[in-house]
Amino acid sequence: MPSHAFDLREPCACGSTAGRIENRNGQNCVFCVKCDDYQYNAPRTEVDRYRQSVVDQLAAFLNARLDEDAQTGRRIKATRHGTLIVAPGDGESPTVVEISGDRLLAEVEAKRRILAEHGPGSDPCDAHDAEFRTIPCTTLLLLALPYANHRDYREEWRP
Ligand SMILES: [Zn+2]
Ligand SMILES: [Zn+2]
């Protein structure tokens, strides 16, 4: 499973300040991200903080991408017919493809509502297991996947 970094209470002996929580035999153990050394057992509050920071980071990334998509949608909507006509011209695809600004904006709105149900502050959905191994849940990870080639995307988010 992907592991997500959070700040260690104190820097590791190797100098790294990034940790990750892994559940081993029912204990939430903190490891150094860089050298993989065991650090300490994470109390519940720290696990919650970890979990929240991971979801917050992904939600911030998603919100930024959705803002960009919405901006594109509004720009297309503002054109004369409210659509963007693309002509692939490769001889095989349909001659023209029409992208509707309204459709783009509706997709952004739908994704925002999904994010609101699975994002920060929401009750954990059924996909979240007791060991926090599926935080963020697959729903959030899949929402972010279309933006995987963005420079801010983190490989640890790949479902
Ligand atoms: Zn270390
Ligand atoms: Zn969820």
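1. The buried residues of helix H1 are covered by elements that include strands E1 and E2, helix H2 (101-118) and helix H3. The structure is a predicted model, and the points below should be read accordingly. The buried positions of H1 are Tyr50, Val54, Val55, Leu58, Ala59, Leu62 and Gly73.

2. On the geometry of H1: this helix comprises residues 44-77. It has 34 residues, and the distance from its first C-alpha to its last is 48 Å, close to the 50 Å expected at 1.5 Å a residue.

3. Overall composition. The chain contains 3 helices and 6 strands, arranged along the sequence as β-β-β-β-α-β-β-α-α. Of its 159 residues, 18% count as buried. Among contacts between residues at least 6 apart in sequence, 42% join residues at least 24 apart.

4. The largest nonpolar core has 16 residues, of which Leu58, Ala59, Leu62, Leu143 and Ala144 touch the most other members. H1 and H3 (138-144) each supply at least two residues of this core, and H1 provides the largest share, with 6 residues. Because domain 1 (1-42) and domain 2 (44-153) both give residues to the core, it lies between them.

5. Which residues does Ala59 touch, leaving aside those up to four places away in sequence? They are Leu115, Gly119 and Pro120. Ala59 is also one of the buried residues of H1.

6. The sheet. Four strands form an open sheet in the order E1-E2-E3-E4, with antiparallel pairing. E1 (6-7) and E4 (38-41) stand at the edges; each has a single partner strand, so one side of each is left without a neighbour in the sheet. As a general point, strands of a sheet pair through backbone hydrogen bonds, in either a parallel or an antiparallel sense.

7. Pairing within the sheet can be followed at the level of individual residues. E2 (residues 18-24) and E3 (residues 27-32) pair in the antiparallel sense over 6 bridges, and Arg20 stands opposite Phe31 in E3. E3 and E4 also pair in the antiparallel sense, over 3 bridges. Here the bridge partner of Cys29 is Asn41 in E4.

8. The turn between E3 and E4 merits inspection. These two strands form a hairpin with 5 residues between them. Asp36 lies in this loop and has a positive phi of about 70° although it is not a glycine. In general, most residues other than glycine have a negative phi. Is Asp36 buried or exposed? The cut-off for an exposed residue is 12 or fewer other C-beta atoms within 10 Å; Asp36 has 10 C-beta neighbours inside 10 Å and therefore counts as exposed.

9. The segment after H3 includes Arg158. With 11 C-beta neighbours inside 10 Å, Arg158 counts as exposed. The C-alpha atoms of Arg158 and Leu145 are separated by 6.7 Å, and the two residues are 13 apart along the chain.

10. In summary, two parts of the model may be read together. The first is the open antiparallel sheet of E1, E2, E3 and E4. The second is the core, to which H1 gives 6 residues and which lies between domain 1 and domain 2, since both give residues to it. The two parts are linked in the surroundings of H1, where E1 and E2 are among the elements that cover its buried residues.

Methods
Residues are numbered from 1 along each chain as its sequence is written. Chains are lettered from A and ligands numbered from 1 in the order in which they are written. This is a predicted model: local features need pLDDT of at least 70, side-chain atom pairs count only at pLDDT 80 or more; totals for chains, interfaces and linings use all residues. A residue is buried if 20 or more other C-beta atoms lie within 10 Å of its own, exposed if 12 or fewer, and partly exposed in between; C-beta atoms are placed from the backbone. Two residues are in contact if their C-beta atoms, placed from the backbone, lie within 7 Å. Two strands pair if DSSP finds at least two bridges between them. A nonpolar core is a set of buried Ala, Val, Leu, Ile, Met, Phe, Trp, Tyr and Cys residues joined through C-beta atoms within 7 Å. Domain bounds come from an automatic or database domain assignment. The expected span of a helix is 1.5 Å times one less than its number of residues.
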